[in-house]
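Walk through this structure one element at a time. Keep the sequence and the 3D view side by side as you read.

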Amino acid sequence: MQPIIEEISYFACGSCTNHLHWMFKGAPKETRTFPAGVFLIKHRTQGYILYDTGYSTALYQNRWKYRLYRQINPIQVTTDQLIDHQLRQRGIQPEDIRWLIVSHLHPDHIGRLNYFPNATFIMTKSAFQQLKQASLKVLIFKEFLPTDFEERTIAIEPNQQRSAFPYQPVADLFADNSLLLSAFDGHALGQGCVFLPEKNLFLAADICWGMDLLAKTNDLKPIPRLIQDNMHAYRQSCAVLQQIQADGIAVVVSHDSEECIKEVLA
Ligand SMILES: [Zn+2]
């Protein structure tokens, strides 16, 4: 039988740097670059589906909240790294993206949402509802969203049980078992994560910041804890992620290293 998912590719769209020893108790003195990962999925009948959009150079603008963001989380992004630019380099026009799954609304995931004029956005209902909460704690820069974002978004509540993914309820996005969307709380409310049964691959957004850091969940220091939406849910989601990996599913999180993600996808 022909596969439904014909291809999945990864793009690093900017990055941030943080000191591991500032993030985790007992971590080595190491400064790590965390790329903002974007995935392009080619579906046999639905065409191109994008998972997140990475950083935007607009974050370099001289606005107080961007300055604060960059201070806490120094970023590096060039125009060459923007997802729409990288797609064009591959011969794919941003207009060709029909579906855009937005895992959650943090700046490193929504940077270029404005550049996909024909895309319908897909989010989990709870992640979408965060839009209504305007506090700085939820870290949503609404100016990155297209003005018609709400009208173009399908907010889905994952509520189906699937034996292929028994960990959380899912939504079978195209009713063909190719992309199962689930909601994971903790880092942000209802982060949309995707299981691709054909590839035995789970795209885990920011459940944690690196698969090699999963075991350090309990060592997270107070400031990085504060950045999480809900620390209790964060620990629970990390425990589920550990189980998913232990069961032999390939897992990547959005900020894993390029080498690590490319190895998993290969
Ligand atoms: Zn995030």
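**From the sheet to the zinc site**

Strand 10 and strand 11 run antiparallel, joined by 5 bridges. Leu180 shows the register, for it stands opposite Phe195 in strand 11. Bear in mind that this is a predicted model.

Now widen the view. Strands 10 and 11 belong to an open sheet of 6 strands, in the order 8-9-10-11-12-13. The pairing in this sheet is mixed. Strands of a sheet pair through backbone hydrogen bonds, in either the parallel or the antiparallel sense. Which strands stand at the edges? They are strand 8 (160-162) and strand 13 (250-252). Each has a single partner strand, so one side of each is left without a neighbour in the sheet. From one strand to the next, the twist averages 35 degrees.

Two helices meet these strands. Helix 8, residues 231-246, packs on the sheet. Helix 8 touches strand 9 (165-172), strand 10, strand 12 (201-203) and strand 13. The direction of helix 8 makes about 95 degrees with that of strand 9. Helix 9, residues 258-265, lies across strand 12 and strand 13. Helix 9 runs at about 150 degrees to strand 13.

Next, the loop between strand 10 and strand 11. Leu189 has its place here. Is Leu189 buried or exposed? Neither label fits: its relative accessible area is 29%, so Leu189 counts as partly exposed. Beyond residues up to four places away in sequence, Leu189 touches Ser126, Ala127, Gln130 and Asp229. Ile5 is 184 residues from Leu189 in sequence, and the two lie 28 Å apart in space, C-alpha to C-alpha.

The loop that holds Leu189 also brings us to the metal. Which residues are the protein donors of the zinc ion? They are His104 through NE2, His106 through ND1, His187 through NE2 and Asp206 through OD. These donors lie 2.1 to 2.5 Å from the zinc ion. Along the chain they follow the spacing H-x1-H-x80-H-x18-D. One pair here links distant parts of the chain, with His104 and His187 83 residues apart. His104 sits in the loop between strand 5 (97-101) and helix 4 (107-110), while His187 sits in the loop between strand 10 (180-184) and strand 11 (191-196). Both His104 and His187 are buried. Why is the arrangement irregular? The 4 donor atoms subtend angles of 89 to 177 degrees around the zinc ion, and this spread makes the arrangement irregular. A tetrahedral site would need all angles between 85 and 135 degrees.

Strand 5 leads to another set of pairings. Strand 3 and strand 5 pair in the parallel sense over 4 bridges. Ile49 stands opposite Trp99 in strand 5. Strand 3 also pairs with strand 2 (residues 31-43), here in the antiparallel sense over 5 bridges. Phe39 has Tyr51 of strand 3 as its bridge partner. Strand 2 and strand 3 form a hairpin, with 3 residues between them. In strand 3 (residues 47-51), 4 of the 5 residues are buried, so this strand is largely enclosed by the rest of the structure.

Last, the cysteines. How many disulfides does a search of the whole structure find? It finds 0. For Cys13, the nearest cysteine sulfur is that of Cys16, 13 Å away. Cys13 is buried, at 0% relative accessible area. For Cys260, the nearest cysteine sulfur is that of Cys208, 10 Å away. Cys260 is partly exposed, at 29% relative accessibility.

Note on methods. Residues are numbered from 1 along each chain as its sequence is written. This is a predicted model: local features need pLDDT of at least 70, side-chain atom pairs count only at pLDDT 80 or more; totals for chains, interfaces and linings use all residues. Side-chain values use heavy atoms; hydrogens and water are left out. Donors are N, O and S atoms within 2.8 Å of the metal (3.2 Å for Na, K and Ca); water is not among the atoms, so sites may look incomplete. Four donors count as tetrahedral if all angles lie between 85 and 135 degrees; four count as square planar and six as octahedral if opposite donors are over 155 degrees apart and all others between 65 and 115; anything else is irregular. Buried means under 20% relative accessible area, exposed over 50%, partly exposed in between (1.4 Å probe, protein chains only). A disulfide is a pair of cysteine sulfur atoms within 2.5 Å. Two strands pair if DSSP finds at least two bridges between them. Axes are lines fitted to C-alpha atoms, for helices over the stretch in contact, and angles run from 0 to 180 degrees between N-to-C directions. Contact means heavy atoms within 4.5 Å.
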